[in-house]
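User: Could you take me through this structure and explain the terms as they come up?

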Amino acid sequence: MIYSGDDIKRLIPQRYPFMMVDTLEERDGKSAAATLEVRQDNYFMLPDQTMAETGLIEHIAQSCSALAGSLALSPESSAPPVGIIGEVKHFACHRRPRLGERLDTVVSFDMTFGNVTLATGHTSVGDDPVAEVKLKIFMK
């Protein structure tokens with residue numbers, strides 16, 4: 001299923017100006033593809049019209065949150081699950097994305113035990129790698 005627009009608000013707790021996911025396409029029960037257009041009003045924009053590295057981590061984390069939200073979505077759920085980044089490992093930023101570029105991100109849940117999920121994210125612009133990271137996320 002593909003989520004976009006207001007549907008994303010059902011999946012993640014963040015709101016403007018901190019929403020960092022435009023679309024989510026669930027691939028299977030453990031992975032998804034997400035997108036984000038880098039816009040001028042993005043909270044993580046720098047004066048040189050690029051996105052800060054912390055914005056890439058936040059985008060990947062919110063992509064994980066959207067995947068968790070899509071997996072938890074049910075007719076009776078009124079709020080998306082809340083996750084907290086517990087650890088960032090092996091972050092590599094190959095370049096900062098520029099204004100107007102579309103980030104294509106693939107996230108996967110590697111392992112879940114209790115309320116802790118280990119996740120991996122890879123972001124690119126077209127075929128150009130931008131960043132990758134491993135996250136430990138605590139879900140409420």
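**Cores and salt bridges**

Analyst: The largest nonpolar core, a set of buried Ala, Val, Leu, Ile, Met, Phe, Trp, Tyr and Cys residues joined through side-chain atoms within 4.5 Å, has 23 residues, and those with the most contacts inside it are Ile 8, Leu 11, Leu 24, Cys 64 and Leu 135. Its largest share, 7 residues, comes from H2. This is a predicted model, in which local features need pLDDT of at least 70 and side-chain atom pairs count only at pLDDT 80 or more, while totals for chains, interfaces and linings use all residues. Residues are numbered from 1 along each chain as its sequence is written, and side-chain values use heavy atoms, with hydrogens and water left out.

User: What makes Lys 9 and Asp 6 a salt bridge?

Analyst: A salt bridge needs a side-chain nitrogen of Lys or Arg within 4 Å of a carboxyl oxygen of Asp or Glu, and the closest N and O atoms of Lys 9 and Asp 6 are 3.5 Å apart, so the pair meets the definition.

User: Why is Asp 6 called exposed, and Lys 9 partly exposed?

Analyst: Buried means under 20% relative accessible area, exposed over 50%, and partly exposed in between (1.4 Å probe, protein chains only). Asp 6, at 58%, therefore counts as exposed, whereas Lys 9, at 35%, counts as partly exposed.

User: How do you know that Arg 39 and Asp 22 form a salt bridge?

Analyst: Their N to O distance is 3.0 Å, which satisfies the cut-off given above. Arg 39 lies in the loop between E3 and H2 and Asp 22 in the loop between H1 and strand E2 (23-28), so the pair ties together parts that are 17 residues apart in sequence.

Conventions:
Helix = DSSP H or I, 4+ residues; strand = E, 2+ residues; numbered from the N terminus.
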